[in-house]
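Biologist: Before we go through this model, I would like each term to be set against its rule, so that I can follow how every conclusion is reached.

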There are 2 protein chains.
Amino acid sequence: MRQNPERRTALIDAAIEVLADQGARGLTFRAVDGQAAVPVGTASNYFANRDALLTQAGQRVFQRLDPGPAVVGEALALPRTRESVDRLMHEMVERITNFRSGYLAMLELRLEATRRPELREVLTKQIRENVQENIDFHLESGMPGDADTVVMLYLSLNWLILERLTLPDVFGEDRAAALISAAVDQIVPPQ
Amino acid sequence: MRQNPERRTALIDAAIEVLADQGARGLTFRAVDGQAAVPVGTASNYFANRDALLTQAGQRVFQRLDPGPAVVGEALALPRTRESVDRLMHEMVERITNFRSGYLAMLELRLEATRRPELREVLTKQIRENVQENIDFHLESGMPGDADTVVMLYLSLNWLILERLTLPDVFGEDRAAALISAAVDQIVPPQ
DNA sequence: AACTTACCACTACACCCGAAGTGGTGTCAA
DNA sequence: TTGACACCACTTCGGGTGTAGTGGTAAGTT
């Protein structure tokens, strides 16, 4: 088992691209090797089996989706109003949408989790933590709305992103942007 | 090309199961043959190629997800209140959740549509129609709320179903049921 | 300074699996 | 008899795994 951490990370990132491009079944050692532009056999030397690759890809997506401290700081500087929530939601959707391969890979992993209990556990844990972090952050920040408000935004905006990334013409770009604001209007209580 | 329509439908339904079980890449003629308990080569005789199988599976899922006239009639008999909407949403989520393989197959098809323009067109058309039908039905029925209300319910409940079907432990069964009511409470305006 | 050790990139190979597609045969009914 | 269909066999192909082996490099040792 090889240890070089940069190379390992590069392989995992390549695995995310492969997941998005070719689906969970397309995630093979050779495909990862190819995507990472690395000799055949390399990924096989770094990961014991496909499961290891899948779970580590799942963790990596979350790592890369995490907003930096800059975004968090900016959020905390905003006034505690619905308008601020609206702005933050637009930013969040844009940030996630821009990491297209990561989001699609995450969806592939969800479907794969249907068949792999270990992967399901890993993902469940991460999503729960993610939702809880969102709730905690929202409540602590003093923005209007309660835990259910946050969950409802989570649900609706996630599907909106999925819709945009898989069937972009169902809601055009403008309509999708308007729907973000509509979601905030309907879901976040006036302060 | 074989014509027997019952057999053809049975093969498409088998394809839906295969999609849910093994993913889009797992959808091969042989796998469909196996699922349909039919001799090897049969699916190959009924469909020109995998693309035909994929698009027809997509259409079939919608066909099977369509609520019967019984459900529609029942809906129209309800009073025009938020409580009725709440009940209808619970029924809809349950109906869709119960067709697990169909919903998972639909997600696989969405991801596959990322790579196949023809499939993307077919699905886009169907989803647009589906959303529009929901909006029209809601508005014509006189239930409280406007088009955005319906879209917002569509977004949030779809992701809730996805969450339930892929990572059921993120929201437990009870929490998920409560979230349906919470969605209606927050999204549907009081009448 | 020469030597040894350990890690790593890269290559090659042996093996396996499953798929596609086609052509052919048997059967039944119009 | 003819045509449509179910079923079967065979050929061909591609791609994947896992592992063994080779050579290079860097760091530590005597």
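Biologist: What makes a residue pair between chain B and chain A count as being in polar contact, and how many such pairs are there?

Modeller: The count is 16 residue pairs, with both residues at pLDDT 80 or more. A polar contact is a pair of N or O atoms within 3.5 Å, where within protein one must be able to donate a hydrogen and the other to accept it, and residues adjacent in sequence count only if both atoms are side-chain atoms. This is a predicted model, in which local features need pLDDT of at least 70 and side-chain atom pairs count only at pLDDT 80 or more, whereas totals for chains, interfaces and linings use all residues. Residues are numbered from 1 along each chain as its sequence is written, chains are lettered from A and ligands numbered from 1 in the order in which they are written, and side-chain values use heavy atoms, with hydrogens and water left out.

Biologist: Why is the pair of A:Glu163 and B:Arg110 called a salt bridge?

Modeller: The rule asks for a side-chain nitrogen of Lys or Arg within 4 Å of a carboxyl oxygen of Asp or Glu; the closest N and O atoms of A:Glu163 and B:Arg110 are 2.9 Å apart, so the pair qualifies. Across the interface of chain B and chain A, the rule finds 4 salt bridges.

Biologist: How do you know what area chain B and chain A bury between them?

Modeller: Buried area is the accessible area (1.4 Å probe) that two parts lose on being put together, summed over both, and for chain B and chain A this comes to about 4,100 Å², 64% of it on carbon and sulfur atoms. B:Arg110, B:Trp159 and B:Gln186 supply 18% of the area that chain B buries against chain A, more than any other three residues.

Biologist: What makes A:Tyr46 a polar contact of DNA strand C?

Modeller: An N or O atom in the side chain of A:Tyr46 is 2.8 Å from a phosphate oxygen of DNA strand C, so this pair meets the polar-contact rule. A base nitrogen of the strand lies 2.9 Å from an N or O atom in the side chain of A:Arg2, and a backbone N or O atom of B:Phe29 is 3.5 Å from a phosphate oxygen.

Biologist: Which residues surround DNA strand C?

Modeller: Among those near the strand (one heavy atom within 4 Å of it) are A:Arg7, A:Asn45 and B:Arg30. Sugar and phosphate account for 72% of the atoms of DNA strand C that come within 4 Å of the protein.
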